[in-house]
Amino acid sequence: MPSIHSKPEDREVVVAENVKMVDIQDKEVTMEGICSIAAYDEWTPLSVSGQPPKPRYKHGAAVVQEKMYVFGGNHNGRYLGDIQVLDFKSLSWSKLEAEIQPGPSEPAEAVLVAPCAGHSLIPSENKILSLAGHTREPTESLSVKEFDPQTCTWSTLRTYGGSPSSRGGQSVTRIGNTLVVFGGEGAGRSLLNDLHILDLETMTWDEFESTGTPPSPRSEHAAACYADRYLFIFGGGSHSTCFSDLHLLDVETMEWSRPDHHGITPEPRAGHAGVTFGDYWFITGGGNSKKGVPETLVLNMSTMEWSVVTSLEGRAPPTSEGSSLVLHTINGEDFLLSFGGYSGRYSNEVYALKTSFRPSVSSNGMAPLSADANSSRGPIFEIEELQDKKNNKGGDTSKTLVQTVKHERNQLEEKLEREKIQSFHLKTELADVENKNVELTQELNSVRDQLLDEAARASKLEKEVSEIQQRLQKMAALEKEFELLRGERDGAGDKSASGSNKKPGGVGFRRWYGDDEG
């Protein structure tokens, strides 16, 4: 896969209008905590106490109960197997010494958690699941390990069905009560685009057959879940190129499509990180064979619009390959936190971004459809203000009015949610129709090209047939001429033979007569 590890050039970078630039050497957050960050939508380096972790990339990170757990990674080609913890309250690092906890009839070797990189960490009920990853001695199939932060122990979860083959650089996405594994790099550096789903209730693996055109085999891509039904795949790389394509899988119909999107056009990239927040999917870091990607992007998954949140100069986790990205809420403010990565050097820094995006939360946890990314809360705020005014008056009438307003608000939210889902379905169907139209157009062009080739071939054959006919005609004329010449030659030969028979007889007679006379 193409990699970006070039030395940064001139620090003055020109970006699109309304995009904020941050100089990573100008700001530092002290022990006052993450909440001391005042500016929105700007990356800020955190000053963290404690022994910092070894610099790394392609590690895993997950947030459980006010703490970010970092496991594994790669440093100078060496796989790491340590667990580092960042406490958001004290803003300090600490290292855990984890133990293994084998099952009743399970040997300790079966629970051994090997140092790895390119794996996936998924928080699950105050525990952390670790799936896949590259190791020095790879196994045949993918195993599911579980880390319990309370007891600081690793265990291996027993699964059923056909486990996926071992791999690294895959995506693992939680959709409802399932984990969806897509792609990655398997044994022998083979690139994959298979799809496996683990049911977390039955712990059973299934490999699903899908329709439509799936993403090409790839690793180091990003994946996201939307509305507990749709799986997005963005970017990634093969051994020769990086991608910027966006794919969508409807997990109810198991059909792949290429949704239309607008706004900016993302650059090809691999090794980037992503995290979702309501309707929004934030993407940081990664790069391609030409350069790293300094912009932090966001995709509004309800409107399918890409935009730039901010851009960052220099080498830092949010611009690096193989960094991690998590989301955490502190005192009502939502923060993106980026750690580690590689951009010419390995990093162990932590950067934070306080996001200004505020998606409204509806009954199913998703934001209602809105034309503007940050204006969807307007009608809700108006209803809440009306509710406050009515509550101040007191009395039964006020309570009744408040209940009515709440009921109307719930109806509006449900209606907005239905409209959002319907709009999303329509966009998906439109994308499918357009993709089919493109395929039919390509097929038509292919048929036309074949017809042109056949016409050219027929014309060539006609020309060759004409030439053969002319040759045959010439040969027939030559045959006639030859027959005439042969007839003339035979006639001349007969006359010549007749004359020669008489002449020798006369001479012989004269000679004989002369001899006799003598």
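**Close-up views of a predicted model**

**View 1. H272 sits in a loop between two strands.** The loop joins β20 (262–263) to β21 (273–277). The model shown here and in the views below is predicted. H272 has a relative accessible area of 7%, so it counts as buried, the cut-off being under 20%.

**View 2. The side chain of H272 meets a backbone oxygen.** A polar atom of the H272 side chain lies 3.1 Å from the backbone oxygen of F234. F234 is also among the residues that H272 touches.

**View 3. The surroundings of H272.** Leaving aside residues up to four places away in sequence, H272 touches E220, H221 and A222. F234, G235 and G236 are also on its contact list. I283, T284, G285 and G286 complete that list.

**View 4. The largest cavity holds about 50 Å³ of space.** Its lining consists of Y69, V70, F71, I83, L121, I128, F147 and W154. Strand β4 (residues 67–75) gives the most to this lining, with 3 residues. By class, the lining has 8 nonpolar residues, no polar ones and no charged ones.

**View 5. The second largest cavity has a volume of about 40 Å³.** L248, P259, D260, M304, F424, K427 and T428 line this cavity. Helix α2 (residues 395–517) supplies the largest share of the lining, 3 residues. Which classes make up the lining of the second largest cavity? There are 4 nonpolar, 1 polar and 2 charged residues. D260 and K427 are the charged ones. T428 is the polar one.

**View 6. The whole chain, for orientation.** The chain has 518 residues, and 42% of them count as buried. Its secondary structure comes to 2 helices and 27 strands. Among contacts with a separation of 6 or more, 57% are between residues 24 or more positions apart. The chain exposes about 28000 Å². Carbon and sulfur atoms supply 50% of that exposed area. The structure holds 4 cavities of 30 Å³ or more. Views 4 and 5 show two of these cavities, the largest, at about 50 Å³, and the second largest, at about 40 Å³.

Notes: Residues are numbered from 1 along each chain as its sequence is written. This is a predicted model: local features need pLDDT of at least 70, side-chain atom pairs count only at pLDDT 80 or more; totals for chains, interfaces and linings use all residues. Side-chain values use heavy atoms; hydrogens and water are left out. Helices (H or I, at least four residues) and strands (E, at least two) are DSSP runs, numbered from the N terminus. Buried means under 20% relative accessible area, exposed over 50%, partly exposed in between (1.4 Å probe, protein chains only). Contact means heavy atoms within 4.5 Å. Accessible areas come from the Shrake-Rupley method with a 1.4 Å probe; for residues, only the protein chains shown count as cover. A polar contact is a pair of N or O atoms within 3.5 Å; within protein, one must be able to donate a hydrogen and the other to accept it, and residues adjacent in sequence count only if both atoms are side-chain atoms. On a 1 Å grid over the protein atoms alone, a cavity is a set of points where a 1.4 Å probe fits but cannot get out, and a pocket is an open set with protein on both sides within 12 Å along at least five of seven lines; lining residues have an atom within 4 Å of a point. Grid points are joined across faces, edges and corners, and a volume is the space filled by probe spheres set on the points.
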